[in-house]
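Please work through the exercises below with the structure open, and try each task before you read the solution that follows.

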Amino acid sequence: MTDALDTRPHVADLPSDSVAALPQRRRLVTEVPGPRSRALHERKMAAVASGVGTTLPVYVERAGGGVIIDVDGNSLIDLGSGIAVVNVGNANPRVVEAVTEQVARFTHTCFMVTPYEGYVAVCEALYRVTPGDHAKKSALFNSGAEAVENAVKVARHATGRDAVVVFDHAYHGRTNLTMAMTAKAMPYKTGFGPFAGEVYRAPMSYPFREAAPMSGAEAAARAIAVIDKQVGADQVAAVVIEPIQGEGGFVVPALGFLPAIADWCKANGIVFVADEIQTGFGRTGTMFACEHEGVVPDLITTAKGIAGGLPLAAVTGRAELMDAVHGGGLGGTYGGNPIACAAALAAISAMAQDDLPTRAQAIGDVMLSRLHSLAVEHPQIGDVRGRGAMVAIELVRPGTTEPDAAEAARISAACHRAGVVTLTCGTFGNVLRLLPPLVIDDALLREALDVLADAIAAR
Ligand SMILES: *Cc1c(COP(=O)(O)O)cnc(C)c1O
């Protein structure tokens, strides 16, 4: 065994008392990744299954605000938020305090055995913050995929129907049912079948990739025609959709698409499920992305941003749907773990106190205006899109819509070398996405965008 102490960082210049006081700056003291990260990565390669990938092999020592400090003492700007998780900032002081207090009192009893207030309070908070003023109930789980699975269970039980409709480019998780619901084969599905049945795919509204301009209403009519012909509305338990697609490429549907799909679901007794696992908790400039178009989902799945980095997920929805399931039909050993619930309560209150949805909007304005001006100079930027602090550029061969995944990878790698953590996504792998923590300061955000601009220009 390698001595773990070998890889302790040189971060003597960091304050030891408070992560919140981490200097908010980009500062590279080694190449990226540095020698300590490379040593840890060797250990990873030897001990961790190679199916578990690594975007950027810098090993983390601390993180907070808009920075990640690695084990070599480099300070990187975080434009990924651990995939839209640490919206309130890494190790947010309020989350740390709540978790510390809870972990000292009790760590687990199983809510289904001997319950506790935190779980109930999280469900009450979800009642308040999710769209719609109808009676709502929630159930808590551990991961986004588990929430999606349970939303389907609820919808099937409540409707007595089997079929589940999802969309092109959708991402809903890596479990058997959610793999079936996810569109992209490689890396999510290839070799992992057979998949769960009764999952049907409809065309998405993807304005950049329509053969001809198409309104949201027209795109909805196209999707509904496919569902009607290939499934039959009366067979459909649920339509599950990300209001803005995440892994599939930050696809923002044309205005009117979501409301038209939701209306059609309502008219046909179909449960409309908004998968807000990536878009939720202030990310897009409103608490939930559905709110941009006044859509009120029957069920909403949440995870990622809910608990400041602790694993927690939820299904929240119309009380009569959620209560359709027999006692004991929903749950899990760890679902709604008390520490994760304490974190969620602190994170949700931090979002309100610091008005993070408004901050996300301001971050989005800075990012979008910069990216739009970069798109004028650089013809490989085919599209700039997103809402709030969830924005992306789609890279193409200049003058076409032909995807250029290599260019997205090149830009992302150049950002990494310069100390900015960026992520790619998209069915075609050609989308560079920006998801900064909502507590990032303006100077750091602008510096990250400067680095991105240099990376794009370095072609
Ligand atoms: C990440 C994600 C999931 C899966 O969540 P996990 O916690 O990784 O299981 C599901 N849906 C969407 C939209 C996501 O972004």
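The exercises concern a predicted model, and each task is followed by a solution in steps.

**Exercise 1. Helix packing**

Describe how the axes of helix α4 and helix α10 come together, and which residues of the two helices meet.

Solution. Two packed helices are described by the angle between their axes and by the distance between those axes. Begin by locating the elements, where helix α4 covers residues 117-129 and helix α10 covers residues 338-353. The two axes come within 9 Å of each other and cross at roughly 35°, and the crossing of α4 and α10 is left-handed. Next, list the residues in contact: α4 contributes Gly118, Tyr119, Ala121, Val122, Ala125 and Val129, while α10 contributes Cys341, Ala344, Leu345 and Ile348. Sorted by class, this contact of α4 with α10 holds 9 nonpolar residues, 1 polar residue and no charged ones.

**Exercise 2. The second largest pocket**

Determine how much space lies in the second largest pocket, and which element gives the most to its lining.

Solution. Rolling a probe the size of a water molecule over the atoms shows where empty space is left. For the second largest pocket, the space comes to about 500 Å³. The lining is made up of 27 residues, of which Tyr119, Ser138, Ala139, Asp323 and Leu330 are the closest to the centre of the pocket. Turning to the elements, α4 and β4 (136-141) each supply at least two residues of this lining, and β4 gives the most, with 6 residues. As a last step, divide the lining by class, which yields 13 nonpolar, 10 polar and 4 charged residues.

**Exercise 3. Buried or exposed?**

Decide whether Ser412 is buried or exposed, do the same for Ile381, and identify the residues that each one touches beyond four places in sequence.

Solution. Ser412 sits in helix α12, which spans residues 405-417. Its relative accessibility is 5%, and because buried means under 20%, Ser412 counts as buried. Leaving aside residues up to four places away in sequence, Ser412 touches Thr422, Leu423, Thr424 and Leu432.

Ile381 belongs to strand β11, residues 381-387. With a relative accessibility of 7%, Ile381 therefore counts as buried by that cut-off. Under the exclusion of residues up to four places away, Ile381 touches Leu374, Ala375, Ile393, Glu394, Leu395 and Ile456. One further distance can be read here, since the C-alpha atoms of Ile381 and Leu371, which are 10 residues apart along the chain, are separated by 8.9 Å.

**Exercise 4. Backbone geometry**

Find which peptide bond is cis with omega near 10°, where Pro194 is placed, and what the phi values of Ala91 and Asp355 are.

Solution. Most residues other than glycine have a negative phi, and most peptide bonds are trans. Take the peptide bonds to begin with: the bond from Met186 to Pro187 is cis, with omega near 10°, and a cis bond with omega of about 0° joins Gly193 and Pro194. Pro187 is found in the loop between α6 (176-181) and β6 (199-202), and Pro194 is placed in the loop between α6 and β6.

Then consider phi. Ala91 has a positive value near 50°, and this residue lies in the loop between α2 (81-84) and α3 (93-105). Asp355 also has a positive phi, of about 45°, although it is not a glycine, and Asp355 is located in the loop between α10 and α11 (356-377). To finish, check the accessibility: Ala91 is partly exposed because its relative accessible area is 28%, and Asp355 is partly exposed because its relative accessible area is 38%.

Technical notes: Residues numbered from 1 in each chain as written. Predicted model: local features only at pLDDT ≥ 70, side-chain atom pairs only at ≥ 80, totals over all residues. Heavy atoms only, no water. Axes fitted to C-alpha atoms, helices over the stretch in contact; angles between N-to-C directions. Helix = DSSP H or I, 4+ residues; strand = E, 2+ residues; numbered from the N terminus. Left-handed = near helix turned anticlockwise from the far one by under 90°. Contact = heavy atoms within 4.5 Å. Nonpolar A, V, L, I, M, F, W, Y, C, P; charged D, E, K, R; others polar. 1 Å grid on protein atoms, 1.4 Å probe; cavity = no way out; pocket = protein on both sides within 12 Å on 5 of 7 lines; lining within 4 Å. Points joined across faces, edges and corners; volume = space filled by probe spheres on them. Buried < 20%, exposed > 50% of the residue type's maximum accessible area, 1.4 Å probe, protein only.
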